[in-house]
Amino acid sequence: NWNQNQGATGQVQVKFTIRRDGTITDIELEKPSNISLLNLESQRALAKARTMPPLPREFSENTLTVHLIFDYHR
């Protein structure tokens with residue numbers, strides 16, 4: 001769901017939560033780029049994904065917070 005070819009170079013750090021069933025929630029920019037297009041593309045990629053595989057049974061928490069960096073290169 002991520003299109004890294006945005007015609008600009010930059011880095012965006014996003015924080016989001018994965019619920020036990022794999023649903024992605026609480027998407028937010030932690031370290032936005034100076035280029036709003038890159039910020040929007042990073043958030044769009046996660047919103048479009050919507051779900052991940054469910055969290056493993058061995059993982060005892062109900063949610064997992066993820067800090068992900070999107071790197072964009074021309």
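**Thr17, strand 1 and helix 1**

Colleague: Is Thr17 buried or exposed?
Modeller: This model is predicted. Thr17 has a relative accessible area of 11%. The cut-off for buried is under 20%. Because 11% falls under that limit, Thr17 counts as buried.

Colleague: Which element holds Thr17, and which residue stands opposite Thr17 in strand 2?
Modeller: Thr17 lies in strand 1. Strand 1 pairs with strand 2 in the antiparallel sense. In strand 2, the residue opposite Thr17 is Thr25.

Colleague: Beyond four places in sequence, which residues does Thr17 touch?
Modeller: Leave out residues up to four places away in sequence. One group of contacts is Thr23, Ile24, Thr25 and Asp26. The list also includes Thr63, Leu64 and Thr65.

Colleague: How many residues of strand 1 are buried?
Modeller: Strand 1 has 10 residues and is mostly covered. Thr17, in strand 1, is buried at 11%. The count of buried residues in strand 1 is seven.

Colleague: Over how many bridges does strand 1 pair with strand 3?
Modeller: The two strands run in the antiparallel sense. Val14 stands opposite Leu68 in strand 3. Strand 1 pairs with strand 2 over five bridges. For strand 1 with strand 3, the number is 10.

Colleague: In the hairpin of strand 1 and strand 2, which residue takes a positive phi?
Modeller: Four residues sit between these strands. There, a positive phi near 95° belongs to Gly22.

Colleague: Which residues touch the most other members of the largest nonpolar core?
Modeller: Nonpolar side chains tend to be buried together in soluble globular proteins. Here the largest nonpolar core has 13 residues. Strand 1, helix 1 and strand 3 each give two or more residues to this core, and the largest share, four residues, comes from strand 1. The members with the most contacts to other members are Phe16 and Phe70.

Colleague: Which residue numbered in the forties does Phe16 touch?
Modeller: Set aside residues up to four places away in sequence. Phe16 then touches Ile24, Thr25, Asp26 and Ile27. Its contacts also include Leu64, Thr65, Val66 and Leu68. The remaining one is Leu46.

Colleague: Why do the buried residues of helix 1 lie on the same side, and what arc do they cover?
Modeller: The buried residues are Leu38, Asn39, Glu41, Ser42, Ala45 and Leu46. What covers them includes strand 1, strand 2 and strand 3. They lie on the same side of helix 1 because they cover an arc of only 165°.

Colleague: Which exposed residues sit on the face of helix 1 turned away from its buried side?
Modeller: The buried side includes Leu38 and Ala45. The face turned away from that side carries Ser36, Leu40 and Lys48.

Colleague: How far apart are the end C-alpha atoms of helix 1?
Modeller: Helix 1 has 14 residues. At 1.5 Å a residue, they should span 20 Å. The model agrees, as the end C-alpha atoms are apart by 20 Å.

Colleague: Which residue forms a salt bridge with Arg44?
Modeller: The structure holds one salt bridge, and its closest N and O atoms are 2.8 Å apart. The two residues lie in helix 1, three residues apart, about one turn. Arg44 is partly exposed at 33%, whereas its partner is buried at 8%. That partner is Glu41.

Technical notes
Residues are numbered from 1 along each chain as its sequence is written. This is a predicted model: local features need pLDDT of at least 70, side-chain atom pairs count only at pLDDT 80 or more; totals for chains, interfaces and linings use all residues. Side-chain values use heavy atoms; hydrogens and water are left out. A salt bridge is a side-chain nitrogen of Lys or Arg within 4 Å of a carboxyl oxygen of Asp or Glu. Buried means under 20% relative accessible area, exposed over 50%, partly exposed in between (1.4 Å probe, protein chains only). A nonpolar core is a set of buried Ala, Val, Leu, Ile, Met, Phe, Trp, Tyr and Cys residues joined through side-chain atoms within 4.5 Å. Contact means heavy atoms within 4.5 Å. The expected span of a helix is 1.5 Å times one less than its number of residues. The arc is that of the directions from the helix axis to the C-beta atoms. Two strands pair if DSSP finds at least two bridges between them.
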